[in-house]
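Student: I am new to this structure and would like a close look at a single part. Please take me through the cysteines and the bonds between them.

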Amino acid sequence: MEEPRQIELSHSGGRSTRPDGNGERTDSAEEVDDCPIEEVRLTVPVTDDPALPALTFRTWFLGLVSCALLAFSNQFFGYRQNPLYISSLSVQIVVLPLGKLMAAFLPRKAVRIPGTRWSFSLNPGPFNLKEHVLITIFANTGSNSVYAVGIITIVKAFYHREIHPLAAMLLTQTTQLMGYGWAGLFRKFLVDSPYMWWPANLVQVSLFRALHEKEKRPKGGTTRLQFFLTVLITSFAYYIVPNYLFPTISTISLVCLVWKNSVTAQQIGSGVYGLGVGSFGLDWATVAGFLGTPLSTPAFAIMNIMAGFFLIVYVIVPIAYWTDAYGAKRFPIISSHVFMANGSRYDVNQVLDPATFQFSQAGYDGAGQINLSIFFAFTYGLSFATLAATLSHVALFHGRSIWEQTKATVRAQAGDVHTRMMKRNYAAVPQWWFQVMLVLVLGLSVFTCEGFGRQLQLPYWGVLLAAGLAFFFTLPIGIITATTNQQPGLNVVTELIIGYLYPGRPLANVAFKTYGYISMSQAIMFLQDFKLGHYMKIPPRSMFIVQLVGTVLASSVYFGTSWWLLETVDHICDPAKLPEGSPWTCPGDDVFFNASIIWGVVGPLRMFGRLGLYSKMNYFFLAGALAPVPFWALSRAFPATAPWARLINMPVLLGATGMMPPARSVNYLMWGAVGLTFNYVVYRRYKGWWARHNYVLSAGLDAGVAFMGIVSYAVLQSRGVNGVDWWGLQVDDHCALARCPTAPGVSAPGCPVH
């Protein structure tokens, strides 16, 4: 009787390879590690076993379940007063014993698919590394939030209007899936090129190696797995202190403890609301919470970020504030809110006509112009400069290499050892898969915005323009991300463009921003995952299928969870009407709502144009475009004596404070200190230790914080048990006066009047 054919998509269309007599294929003996990036050579092995199954029943079962659970949990907790984010790192650790249990107890008998000659095995053998990587990719898609859900939330909960559920569903799917097209167009440049090394992936590679490789413990030392478990347990045990027992140590501001009644001193010393001089935190979440782990960021990128931080926070902002530029003293020195001319909060509802759902000139005339804190004004100006500098920097420093890579792609030249191994052992994803996906998603996007009575307010040309922006910026921003671990965003420039072209329509603004910014951001995420698969030798077609299925599932679960809560929780996102103690306050969506008013209703013309207060911020576009030129010229004129000039990355430097707020000064100070300690001092003096333990240390610290955060929330905080009420329980740095204005006669709640 003929045996049914076993399904294994990993090798579909690729080279058929079998392990050698030892049961394992390794390429280390025949390959030379010629990767030009030392961190990659120290971290990524040059071994592979192409015969290992990847898309197995275990991969599908554990991957789909983890994707759905993470998507549900993160959206469910995202609406609460204290949001809880569960990262894919938690799944990466938990699924290892589950996979081994399935390998130990599931039957090995093949299961035949009725009506076909195909079959699959519930248990194709020991749980392996490639299955583990693909399950983690599934989890990544579930852990990354769906930006378009914010549009649905502000429509239903803030504007109190209706949106067709199919339109809402299509919006979440199309904004997430459009990035596949851009990823496919640029993967030759951003994945195959050995110079695009994606530093954040090395943390994942190190953790996978620690969890799977059998390693002999060195005398007097530990294996990488033992080291990881030690760090995880220590981090888990310690995090109960800053997370529950003593939250104040997350940010300690020494200046505020000494000068308790001085507004100026607290503005200078507060690590949360001010400049952070003399502030620090004893909490890994303070170090890595907003900016990501510094252990995966190259030292030169950390230096650029910290140079930009010191220039902006300790030079530009203080000079502008204490010279009262733009009437800065009427407002807090650092704030993301918008204000009236007298220093009070701006009532954004006055400028929206509820009947037409568009801009109200009469309401705006009554409310007056929008005012920003001096830091927030410069944040917008610097975001303009960062965008222009990104294009200029990539053209000057990487233009030739992009051209050479294009010619090499045409000639089908191989890259480094990892690219050669992937091309030899696995079939590539056909380009037409990405092209079909792009055309299909573009068509659905136009239908979503033009159909359903134009509820989203965005015309077809807006969708196409947003897609064009995403296409234009994916390569330059991808290069910056792949080499520095820092991703400049398109959120401000997309709001600016559609605000000028199609003003007065809040939903058109946020929809355009989502199609332009998020499709590019999704492309970057897909490319980063492709590079992880590249390092771990995962069949590209398996990666594509897992990313596609995971994205569709995660988007569906995020949408379903948000729609269910918006329909069933009375007065969700409205703290004034919610019962006392109700957690459904939607803090993140409140910011999104205000941005839709500022950019979509009032519009950039009345902020940065001739009708606004901040028109001079447009000069930052020119400054950003010119900023990389001197350093490029130096690197070209004096390549031997000024090699440092190539390490000055102006897009990263100018965009250094782009995460402030919500990130604070203390986050940057601690992030920079820890990052330079390990990636400069330890890397130069103890390279052997760094190569063995640095990325494993990062993964262990992250995992310990994540697990304790989940446990303390589930066991204590979700039940209202918030610890002993004492001085150290306050979740800030006791610098309340740092939020006060200093202009004479301006009053604010809890602040002295000067």
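Tutor: What follows goes through the disulfides one by one, after a short word on the setting. This is a predicted model, in which local features need pLDDT of at least 70 and side-chain atom pairs count only at pLDDT 80 or more, while totals for chains, interfaces and linings use all residues. Residues are numbered from 1 along each chain as its sequence is written, and side-chain values use heavy atoms, with hydrogens and water left out.

The protein has 28 helices and nine strands; helices (H or I, at least four residues) and strands (E, at least two) are DSSP runs, numbered from the N terminus. Of its 754 residues, 57% count as buried. Buried means under 20% relative accessible area, exposed over 50%, and partly exposed in between, with a 1.4 Å probe and protein chains only.

Now the cysteines. A disulfide is a covalent bond between the sulfur atoms of two cysteines; here the cut-off is a pair of cysteine sulfur atoms within 2.5 Å. The structure holds three disulfides. With the bonded cysteines numbered in sequence order, the pairing reads 1-4, 2-3, 5-6.

One of the three joins Cys 256 and Cys 735, whose sulfur atoms are 1.9 Å apart. This pair links distant parts of the chain, 479 residues apart: Cys 256 lies in helix H11 (residues 254-258), and Cys 735 in the segment after helix H28 (687-715). The link is right-handed, with 120° about the S-S bond. Cys 256 counts as buried because its relative accessible area is 2%, and Cys 735 is buried because its value is 0%.

Another disulfide is formed by Cys 573 and Cys 586, with 2.0 Å between the sulfur atoms. Both cysteines sit in the loop between helix H22 (540-568) and helix H23 (587-602), 13 residues apart. At -70° about the S-S bond, this link is left-handed. Cys 573 has a relative accessible area of 6%, so it is buried; Cys 586, at 0%, is buried as well.

The remaining pair is Cys 740 and Cys 751, with sulfur atoms 2.0 Å apart. Both lie in the segment after H28, 11 residues apart. Their link is left-handed, with -85° about the S-S bond. Cys 740 and Cys 751 are both buried.

Two further cysteines can be added on burial alone. Cys 67 is buried, with a relative accessible area of 0%, and Cys 449 is buried at 0% relative accessibility.
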